[in-house]
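Biologist: I'm new to this one, so could you take me through a single spot in detail? Pick one residue and show me how it sits in the chain.

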Amino acid sequence: MSVVIPVYQGERTLEALLAEIVPLTIDSHSAAGWPYVVTEVLLVHDHGPDNSAAVIHRLAQAYDFVRPVWLSRNFGQHPATLAGMASSGGDWIVTLDEDGQHNPADIPSLLDTALAQQASVVYAKPSNAPPHGLFRNFASKTAKKMLTSGSGGPNAADFQSFRLILGEIGRSVAAYAGSGVYLDVAMGWVADKVVTSPVELRQEGGRPSGYSLRTLSSHFWRMVLSSGTKGLRLVSILGVLFAIGGFVLALFVIISRLFSGVEIAAGWASQMVVTLLIGGAILFSLGIIAEYIGVAVNMAMGRPLYLIVSDPADGPLGRRPVRPNRRPGHPAQVTNPPPTPSPIALSPAEALTDPGKTDS
């Protein structure tokens with residue numbers, strides 16, 4: 001596993017977080033018997049306001065598995081996470097926050113969920129309320145529900161910064177994701193199966209949040225813009241509805257004058273009909289233009305037509321659990337080992353003409 005931690009204000013929390021990751025750097029087994037080991041922790045320095053750089057230098061000297069990733073300036077959490085993912089080399093990538101609210105001890109349970117459900121992305125699903133305050137939690141939950149219902153894409157309510165990603169999926173997303181693309185939306189474009197695993201969030205390590213109302217609003221808007229072009233199609237739908245409304249109003253005016261004798265103010269009916277019809281035509285035309293803009297937006301964001309991956313049976317999802325032998329001095333036993341290939345049967349003529357074949 002590769003653990004990616006974007007660092008913005010980690011001066012007071014990084015050392016304690018790394019101390020919790022140390023036990024995971026030794027060959028271990030999860031509760032379901034899957035072998036795992038954290039081989040590298042990538043600390044991505046995102047130029048925060050504190051002295052995180054000195055802490056990263058100190059941790060890199062103390063632990064050989066710590067790999068600093070230095071950005072040229074502050075880019076934000078998601079670009080920093082993408083930079084760490086692109087620099088990783090593990091079969092699995094774990095992303096978590098620097099503030100200590102994510103417990104590294106939950107990483108094995110994320111792995112168990114991924115392998116049990118054959119999922120390429122596992123989000124940690126908080127079993128308790130996030131420690132961000134009532135208003136922020138309500139706003140975040142409402143915004144994600146609105147995005148999910150409006151975009152028709154992946155379930156945004158599951159998006160969390162604590163996640164387990166199949167390595168080749170994460171590195172591919174980091175390679176093609178364009179500027180301004182929301183990381184979790186980009187993973188939804190190519191991930192085969194996305195699931196959640198319950199965890200309990202902790203407090204944020206006694207430091208203020210790096211997100212203001214302005215940055216959170218910008219964060220949400222980027223998620224909306226990168227979630228797809230369905231928002232642009234609303235313009236076309238709105239235009240059609242206006243045109244239908246104008247047509248229905250025209251029929252109502254004509255039928256009222258002919259059959260019911262209802263008097264309508266002179267000029268009002270024709271004005272409303274013309275306004276609705278012309279407004280509908282304009283909005284429908286803008287909707288067509290928006291469709292072309294949507295194609296250009298998808299190209300600019302780098303959304304791929306396809307993603308070629310290796311055979312899942314040969315990768316982390318196809319591996320078998322290893323049960324450690326409980327008796328001391330005995331090596332771990334492999335559960336359900338792969339069958340030994342049978343020898344190739346050769347005819348006497350083949351054996352004489354090519355004796356080397358008998359070795360196989």
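Modeller: First, a term: a residue is buried when its relative accessible area is under 20%, exposed when over 50%, and partly exposed in between, using a 1.4 Å probe and protein chains only. By that yardstick, 38% of the chain's 360 residues are buried. Keep in mind that this is a predicted model, where local features need pLDDT of at least 70, side-chain atom pairs count only at pLDDT 80 or more, and totals for chains, interfaces and linings use all residues. Numbering starts from 1 along each chain as its sequence is written, and side-chain values use heavy atoms, leaving out hydrogens and water.

Let's zoom in on Asp 46. You'll find Asp 46 in the loop that links strand 4 (40–45) with helix 2 (52–62); helices (H or I, at least four residues) and strands (E, at least two) are DSSP runs, numbered from the N terminus. Asp 46 counts as buried because its relative accessibility is 3%. So what does Asp 46 touch, beyond its neighbours within four places in sequence? Taking contact as heavy atoms within 4.5 Å, the partners include Val 7 and Tyr 8, plus Leu 71, Arg 73, Asn 74, Phe 75, Gly 76, Gln 77 and Ala 80. With Gly 76 there's a specific link: the Asp 46 side chain reaches that residue's backbone nitrogen at 3.0 Å. Val 69 sits 23 residues along the chain from Asp 46, with 9.0 Å between their C-alpha atoms.

Stepping back, the chain has 11 helices and 11 strands. Among its contacts with a separation of 6 or more, 80% join residues 24 or more positions apart.

Conventions
A polar contact is a pair of N or O atoms within 3.5 Å; within protein, one must be able to donate a hydrogen and the other to accept it, and residues adjacent in sequence count only if both atoms are side-chain atoms.
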